[in-house]
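These are my notebook entries from a session of looking things up in one structure. I went through it piece by piece and wrote down what I found.

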Amino acid sequence: MKSLVVYYSHFGNTAYVASRLQEALAAKGSADIFALEYADKKKSLARQFLYRTFPSLVNLAPIPADLKEYDVLCLGIPVILGSPAPAFQKYLNICTNLYNKKIICCYVYGIERDARNYAKQIEKMLTPKINQPIINIFIHWGNVHIEGFITQAINEAIAKLG
Ligand SMILES: Cc1cc2nc3c(=O)[nH]c(=O)nc-3n(C[C@H](O)[C@H](O)[C@H](O)COP(=O)(O)O)c2cc1C
């Protein structure tokens, strides 16, 4: 089983969870991991506003978006503000060959209601491209470094891959 882990992280928590997911997925075959990054790293406030309004204008740094050679796409998504980062929206927009792929979405959040709302938004964006149920993981940022919690959450998600 070949997996691709793609994450975005401001403060490092999602990066940590993504690296743990990659380790666990690699044990099932192989797993590549990439951080989503803006091509223009220093963005003016005006540009940030523009990207929030029109995520399609985001220029992403190079990242694999064709899932042809992968079996699993695992997304690490930090919950900050009302909607997923424009970089994430752009990435989901350019992703291809998601049909028949297993998808894990891991939300790192502060407020559970916000995370569930993100999950609904991400599901809406992915629905036209997928035909498998999304496996969601919700991790409060305060639990990220609690070993027992994180291991259990990841193992439960990976067990659902079948
Ligand atoms: C400026 C800021 C805004 C945040 N806004 C939200 C929010 O709207 N909803 C929520 O559930 N968590 C919120 N959080 C908590 C983040 O989800 C949490 O810090 C998480 O670890 C961010 O992921 P990261 O560490 O990978 O960047 C916020 C955190 C910060 C620092």
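**Helix 3 and its packing**

I began with helix 3, where I found Pro 86, Ala 87, Phe 88, Lys 90, Tyr 91 and Leu 92 to be buried. I keep in mind throughout that this is a predicted model. I then looked up what the buried residues of helix 3 pack against, and noted strand 1 (2-7), helix 2 (45-53), strand 3 and helix 4.

Just ahead of the helix I checked Ala 85, which lies in the loop between strand 3 (72-78) and helix 3 (86-94). I had asked myself whether Ala 85 is buried or exposed. Ala 85 counts as buried because it has 22 C-beta neighbours inside 10 Å, the cut-off being 20 or more. I also took a distance from Ala 85 to Glu 156: they are 71 residues apart in sequence and 26 Å apart in space, C-alpha to C-alpha.

**Two loop residues with positive phi**

In the loop between strand 3 and helix 3 I stopped at Leu 81, which has a positive phi of about 65 degrees although it is not a glycine. I noted this since most residues other than glycine have a negative phi. Leu 81 is exposed, because 10 other C-beta atoms lie within 10 Å.

After the helix, in the loop between helix 3 and strand 4, I came to Asn 97, not a glycine either, with a positive phi of about 60 degrees. Asn 97 has 14 C-beta neighbours inside 10 Å and therefore counts as partly exposed.

**Strand 4 and its partners**

Next I followed strand 4, and asked how many of its residues are buried. I found that 8 of the 8 are, so strand 4 is largely enclosed by the rest of the structure. Both of its faces are covered, with Lys 102, Ile 104, Cys 106 and Val 108 buried on one side and Ile 103, Cys 105, Tyr 107 and Tyr 109 buried on the other. I set beside this the rule that in a regular strand the side chains alternate between the two faces of the sheet.

I looked up the pairing as well. Strand 3 and strand 4 run parallel and are joined by 7 bridges, with Lys 102 as the bridge partner of Val 72. Strand 3, helix 3 and strand 4 together make a right-handed β-α-β unit. Strand 4 also pairs with strand 5 (residues 135-140), in the parallel sense over 6 bridges; the chain crosses from strand 4 through helix 4 to strand 5, and this β-α-β crossover is right-handed too. Within that pairing, the bridge partner of Cys 106 in strand 5 is Ile 137.

**The nonpolar core**

I then looked up the largest nonpolar core, which has 43 residues, and noted those with the most contacts inside it as Val 5, Leu 73, Cys 74, Ile 77, Cys 106 and Tyr 107. The largest share of this core, 7 residues, comes from strand 4. For Tyr 107, leaving aside neighbours within four places in sequence, I listed contacts including Ile 77, Ala 115, Tyr 118 and Ile 137.

**The ligand shell**

Last, I looked at the ligand, which 18 residues surround, the closest being Phe 11, Asn 13, Thr 14, Pro 78 and Gly 110. I sorted the shell into 11 nonpolar, 6 polar and 1 charged. Helix 1 (13-26), strand 4 (102-109) and helix 4 (112-126) each supply at least two residues of the shell, and the largest share, 3 residues, comes from helix 1.

Key:
Residues numbered from 1 in each chain as written. Predicted model: local features only at pLDDT ≥ 70, side-chain atom pairs only at ≥ 80, totals over all residues. Near = placed C-beta within 6 Å. Helix = DSSP H or I, 4+ residues; strand = E, 2+ residues; numbered from the N terminus. Nonpolar A, V, L, I, M, F, W, Y, C, P; charged D, E, K, R; others polar. Buried ≥ 20, exposed ≤ 12 C-beta atoms within 10 Å, placed from the backbone. Pairing = 2+ DSSP bridges. Right-handed = clockwise from strand over helix to strand, strands pointing away. Contact = placed C-beta atoms within 7 Å. Core = buried A, V, L, I, M, F, W, Y, C linked by C-beta atoms within 7 Å.
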